[in-house]
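Biologist: I would like to know what stands behind the labels on this model. Let us take them one at a time.

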Amino acid sequence: MLNPDSFSQEATIWSFACRTGLSVDNDSEIERFTWGEKESLAQKLADRINCKTHAFLKRSNYENTWGSKQDRIDLKIADNLEKVNIYTKKEDKFKEYKRHEIQIDGKYPWQPQGAYHDVKAGDFPLYPPNCMCIFQKSKDVIIPCETMAFPKG
């Protein structure tokens with residue numbers, strides 16, 4: 001029910017939702033030879049709105065978006081070194097990022113500036129590409145990364 005006239009001709013959609021580039025029929029953990037990308041929500045959006053649509057064929061992984069384990073360890077080390085007056089590097093981007101964090105209801109962290117790291121492709125299904133793919137009206141999906149060892153069917 002999207003009205004294509006409501007979108008700019010230069011519009012681009014970025015979907016970080018899981019498996020937007022797979023058809024709903026592909027529901028196993030292993031999609032070896034068929035991905036159903038032509039019947040996917042991403043392709044339907046690209047066709048309906050006539051715009052480039054970026055989407056994962058795998059589940060989305062948000063694990064490090066607000067900082068990785070290594071970012072947090074480095075921050076803790078730097079904070080401890082500062083407590084004993086040991087020089088630490090002045091420009092710490094993650095420390096600055098964390099400075100803007102607010103607490104919702106006093107306990108839920110929120111980053112008004114958004115993610116620190118990009119969302120990435122998860123591990124499942126096993127064989128589709130490990131990157132965001134590009135869907136365009138009436139065209140085959142563009143896979144901008146190396147992918148599976150099996151020929152795509």
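Biologist: How many salt bridges does a search of the whole structure find?

Modeller: Three. Keep in mind that this is a predicted model.

Biologist: What makes Lys38 and Asp140 a salt bridge?

Modeller: The distance between their closest N and O atoms is 2.9 Å. The cut-off is within 4 Å, for a side-chain nitrogen of Lys or Arg and a carboxyl oxygen of Asp or Glu. So Lys38 and Asp140 qualify.

Biologist: Which parts does this pair tie together?

Modeller: Lys38 lies in the loop between β1 and α1, and Asp140 in the segment after β7, so the pair ties together parts 102 residues apart in sequence.

Biologist: Are Lys38 and Asp140 buried or exposed?

Modeller: Exposed means over 50% relative accessible area. Lys38 has 53%, so Lys38 counts as exposed. Asp140 has 56%, so Asp140 counts as exposed too.

Biologist: What makes Arg99 and Glu96 a salt bridge?

Modeller: Their closest N and O atoms are 3.2 Å apart. The limit is 4 Å, so the pair counts. Arg99 and Glu96 are three residues apart in helix α3, so about one helical turn separates them.

Biologist: Why is Arg99 called exposed, but Glu96 partly exposed?

Modeller: Arg99 has 57% relative accessibility, and exposed means over 50%, so the label fits. Glu96 has 37%, which falls between the 20% and 50% limits, so Glu96 is partly exposed.

Biologist: Which side chain meets Lys98 in a salt bridge?

Modeller: That of Glu101, at 2.9 Å from N to O. Lys98 is partly exposed, with a relative accessible area of 27%. Glu101 has 22% and counts as partly exposed as well. Buried means under 20%, so neither value earns that label.

Biologist: On to the rings. How many aromatic pairs does a search of the whole structure find?

Modeller: Four. One of them joins Tyr97 and Tyr116.

Biologist: Why is the pair of Tyr97 and Tyr116 called tilted?

Modeller: The ring centres are 4.8 Å apart, and the planes make an angle of 45°. Pairing needs centres within 6.5 Å, so Tyr97 and Tyr116 form a pair. Stacked needs under 30 degrees and edge-to-face over 60, so 45° is tilted.

Biologist: Where in the chain do Tyr97 and Tyr116 sit?

Modeller: Tyr97 is in helix α3 (residues 93–99). Tyr116 is in the loop between β5 (108–110) and β6 (120–121). They are 19 residues apart, and the pair links distant parts of the chain. Phe94 joins Tyr97 and Tyr116 in one aromatic cluster.

Biologist: Are Tyr97 and Tyr116 buried or partly exposed?

Modeller: Tyr97 has 6% relative accessibility, and buried means under 20%, so Tyr97 is buried. Tyr116 has 27%, so Tyr116 is partly exposed.

Biologist: How do you know that Ser40 is buried?

Modeller: Its relative accessible area is 0%. The limit is under 20%, so Ser40 is buried. Ser40 has its place in the loop between β1 and α1 (41–49). Leaving out residues up to four places away in sequence, Ser40 touches Thr20, Gly21, Leu22, Ser23 and Phe135.

Biologist: Which residue stands opposite Thr53 in β7?

Modeller: Phe135.

Biologist: How do you know that β2 pairs with β7?

Modeller: Three bridges join β2 to β7 (residues 133–135), and the strands run antiparallel. Pairing needs at least two bridges, so β2 and β7 pair. Strands β1 (residues 12–14) and β2 (residues 52–55) also pair over three bridges, but in the parallel sense. There, Thr12 stands opposite Lys52.

Biologist: Which residues make the nonpolar surface patch of about 390 Å²?

Modeller: Ile102, Ile104, Tyr108 and Trp110. Strands β4 (102–104) and β5 each give two or more residues to the patch.

Biologist: What makes Ile104 accessible enough for a patch?

Modeller: Ile104, in strand β4, has a relative accessible area of 38%. A patch residue needs over 30%, so Ile104 passes that step.

Biologist: And the protein as a whole: how many helices and strands are there?

Modeller: Three helices and seven strands. Of the 153 residues, 35% count as buried.

How values were computed: Residues numbered from 1 in each chain as written. Predicted model: local features only at pLDDT ≥ 70, side-chain atom pairs only at ≥ 80, totals over all residues. Heavy atoms only, no water. Helix = DSSP H or I, 4+ residues; strand = E, 2+ residues; numbered from the N terminus. Phe/Tyr/Trp six-rings, centres within 6.5 Å; stacked < 30°, edge-to-face > 60°. Buried < 20%, exposed > 50% of the residue type's maximum accessible area, 1.4 Å probe, protein only. Contact = heavy atoms within 4.5 Å. Patch = residues over 30% accessible without salt bridge, like charges linked within 9 Å, V, L, I, M, F, W, Y side chains within 5 Å. Areas by Shrake-Rupley, 256 points an atom, 1.4 Å probe, with all protein chains shown as cover.
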